[in-house]
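The report below follows the contacts between protein and DNA first and then turns to the folded core of the chains. Please read it alongside the sequence and the coordinates.

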Protein chains: 2
Amino acid sequence: MNTIIIADDHKIFAESLAGMLEENNLFKVAGITHTVASTIETLQTTKASILLLDYHFPDGKGIDVAEFVHKAGLPIKIVILSMENDLPTMRQAEQLGVRAYLIKNLSSAELLEAMQQVFSGEKVFMWPEQSAGQATEVQLLSPREQEIVQLVRQGLTSQEIAAQLFLSNYTVETHRRNILRKLNMKNTAMLVQWAEKFL
Amino acid sequence: MNTIIIADDHKIFAESLAGMLEENNLFKVAGITHTVASTIETLQTTKASILLLDYHFPDGKGIDVAEFVHKAGLPIKIVILSMENDLPTMRQAEQLGVRAYLIKNLSSAELLEAMQQVFSGEKVFMWPEQSAGQATEVQLLSPREQEIVQLVRQGLTSQEIAAQLFLSNYTVETHRRNILRKLNMKNTAMLVQWAEKFL
DNA sequence: GGTAAAATACTCAAAAACAGGTATTGATTC
DNA sequence: GAATCAATACCTGTTTTTGAGTATTTTACC
């Protein structure tokens, strides 16, 4: 029997998912955890073939667990179940040997199918091009511009950003002006609010 | 039998939740929807006693559905199942006659209990003070200051805020400085990021 | 009635952001 | 090879924000 550990801080989701998976008699749930810390602990005492891993936790990120598993060389196969397709995280996950990156907007049947694929050794990555396909405002921004939005969002001034990226203050301000123009916004407040949602 | 409609764009969650609810033979799931539009459509053709409503949808917000139900005067009881305690949304939900606002970080048993309470006419609102219990920075700000943060967050300049609140530009700027000092921040970007999370 | 906090308004000054330009380089694409 | 775009950098302004003060009035509470 394929055993699974479910790590998700949303207890309702974790529990009802466990029920669903056991119902089909294809998997057995060996453990349910709700924090990064307890997941890592459970991994060291419990054997399982697949770890169903959420991205968001109160005490950290799912990718931290993946990093731990990777470094420790544990034989468990990781399936990340995330809310959205977050490209940088997906790339990072692939680097860390994660076997699948699925979004929660997926039917139970599709999840079961994907897990069977993972179990038989395949990788299942739902890259945005294949899954959603909706053109977003984010794509209006170049990678560099997106990077700068992230730093602005953290509260850094143009000067601080320039220092951090080894650029001229002028360059950063040009980028910021281009960003505002592209997104049709007029100040930092609007940009940060937007970034909190979409970036 | 208490019938339920589940509206959640995360199909896995909606489906496994449905399974869990029907397992206990206390509820019957009359419908599952994944968008605001299809939820509103279903509400008009299907009778149910409780609507389990997510907050986030690809085509809108759960609160939009609540608004529709409120205006149309439908007799269905709404239970919002959100990711986090978002105070403004909770207040808005209460205004719209929503019966419960629960966070997903809740066990299945607690959810069932809360739904039983709602079914027997009670309201279940998990206000942050009761659930988390951590003294928040929000309380450092006076009502007027909180109001101004909301406007800053929307991208208004001090002048625009002054015009909207019939105040002197000086006053708004004083408030803004006091806000930043109280929260120990140094610019608007940090403030907006904070407001997105906590206000 | 007294006190404390909140809300209001002002001044002066520096820092940061915003708006409109221009220009060079490198990479990509047609 | 030309054209386009991304990334870099600079200049000249204006507007907005932030910092550090002071001061009056209103509100709330004991």
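A residue counts as near a DNA strand if one of its heavy atoms lies within 4 Å of that strand. The structure discussed here is a predicted model, and every value below is computed from it.

**DNA strand D**

DNA strand D is surrounded by 20 residues, and the closest are Ser142(A), Arg144(A), Ser168(A), Arg177(B) and Thr188(B). Where the atoms of DNA strand D come within 4 Å of the protein, 64% of them belong to sugar or phosphate, while the rest belong to bases. Divided by class, the residues of the surface near DNA strand D are four nonpolar, 10 polar and six charged.

At least two residues of this surface near DNA strand D come from each of helix H7 (143–153) and helix H9 (169–183) in chain A, and likewise from each of helix H8 (158–165) and helix H9 (169–183) in chain B. Of the contributors to the surface near DNA strand D, H9(A) gives the most, with five residues. A base of DNA strand D also takes part in a contact with a side chain, since a base nitrogen of that strand is found 3.2 Å from an N or O atom in the side chain of Thr174(A).

**DNA strand C**

How many residues surround DNA strand C, and which are the closest? There are 20 residues around DNA strand C, and the closest are Thr188(A), Ser142(B), Arg144(B), Ser168(B) and Thr171(B). Of the atoms of DNA strand C within 4 Å of the protein, 61% are sugar or phosphate atoms, with the rest belonging to bases. The surface near DNA strand C has, by class, four nonpolar, 10 polar and six charged residues.

The table lists polar contacts made by phosphate oxygens of the two DNA strands.

| DNA atom | Protein partner | Distance |
|---|---|---|
| Phosphate oxygen, DNA strand D | N or O atom in the side chain of Arg144(A) | 2.8 Å |
| Phosphate oxygen, DNA strand D | N or O atom in the side chain of Ser158(B) | 2.9 Å |
| Phosphate oxygen, DNA strand C | Polar backbone atom of Ser158(A) | 3.0 Å |
| Phosphate oxygen, DNA strand C | N or O atom in the side chain of Gln159(A) | 3.3 Å |
| Phosphate oxygen, DNA strand C | N or O atom in the side chain of Arg176(A) | 3.4 Å |

The elements that give two or more residues to the surface near DNA strand C are helix H8 (158–165) and H9 of chain A, together with helix H7 (143–153) and H9 of chain B. H9(B) gives the most to the surface near DNA strand C, supplying five residues.

**Sheet and helix in chain A**

Chain A holds an open sheet of six strands in the order E2-E1-E3-E6-E7-E8, with parallel pairing. Its edge strands are strand E2 (27–33) and strand E8 (124–125) of chain A, each of which pairs on one side only. Within chain A, strand E6 (residues 77–82) and strand E7 (residues 100–103) pair in the parallel sense over four bridges, and Val79(A) stands opposite Ala100(A) in E7(A).

Helix H2 (residues 36–45) of chain A has as its buried residues Val36(A), Thr39(A), Thr42(A) and Leu43(A). These cover an arc of only 125 degrees around the axis, so they lie on the same side of H2(A). In an α-helix there are 3.6 residues a turn, so residues three or four places apart point the same way. The face of H2(A) turned away from the buried side carries the exposed residues Glu41(A), Gln44(A) and Thr45(A).

**Strands in chain B**

Why is strand E1 (residues 2–7) of chain B described as largely enclosed by the rest of the structure? Five of the six residues of E1(B) are buried, and therefore the strand is largely enclosed in this way. E1(B) is joined by six bridges to strand E2 (residues 27–33) of chain B, the two running parallel, and the bridge partner of Asn2(B) in E2(B) is Phe27(B). With helix H1 (residues 11–23) of chain B, E1(B) and E2(B) make a right-handed β-α-β unit. E1(B) also pairs in the parallel sense with strand E3 (residues 50–54) of chain B, over four bridges, and in that pairing Ile4(B) stands opposite Ile50(B) in E3(B).

Tyr101(B) has its place in strand E7 (residues 100–103) of chain B. Because its relative accessibility is 0%, Tyr101(B) counts as buried. Tyr101(B) and Asn85(B), 16 residues apart in sequence, are 8.5 Å apart in space from C-alpha to C-alpha.

Terms used: Residues numbered from 1 in each chain as written. Chains lettered and ligands numbered in written order. Predicted model: local features only at pLDDT ≥ 70, side-chain atom pairs only at ≥ 80, totals over all residues. Heavy atoms only, no water. Polar contact = N/O pair within 3.5 Å; in protein donor to acceptor, adjacent residues only side chain to side chain. Nonpolar A, V, L, I, M, F, W, Y, C, P; charged D, E, K, R; others polar. Buried < 20%, exposed > 50% of the residue type's maximum accessible area, 1.4 Å probe, protein only. Pairing = 2+ DSSP bridges. Right-handed = clockwise from strand over helix to strand, strands pointing away. Arc of directions from axis to C-beta.
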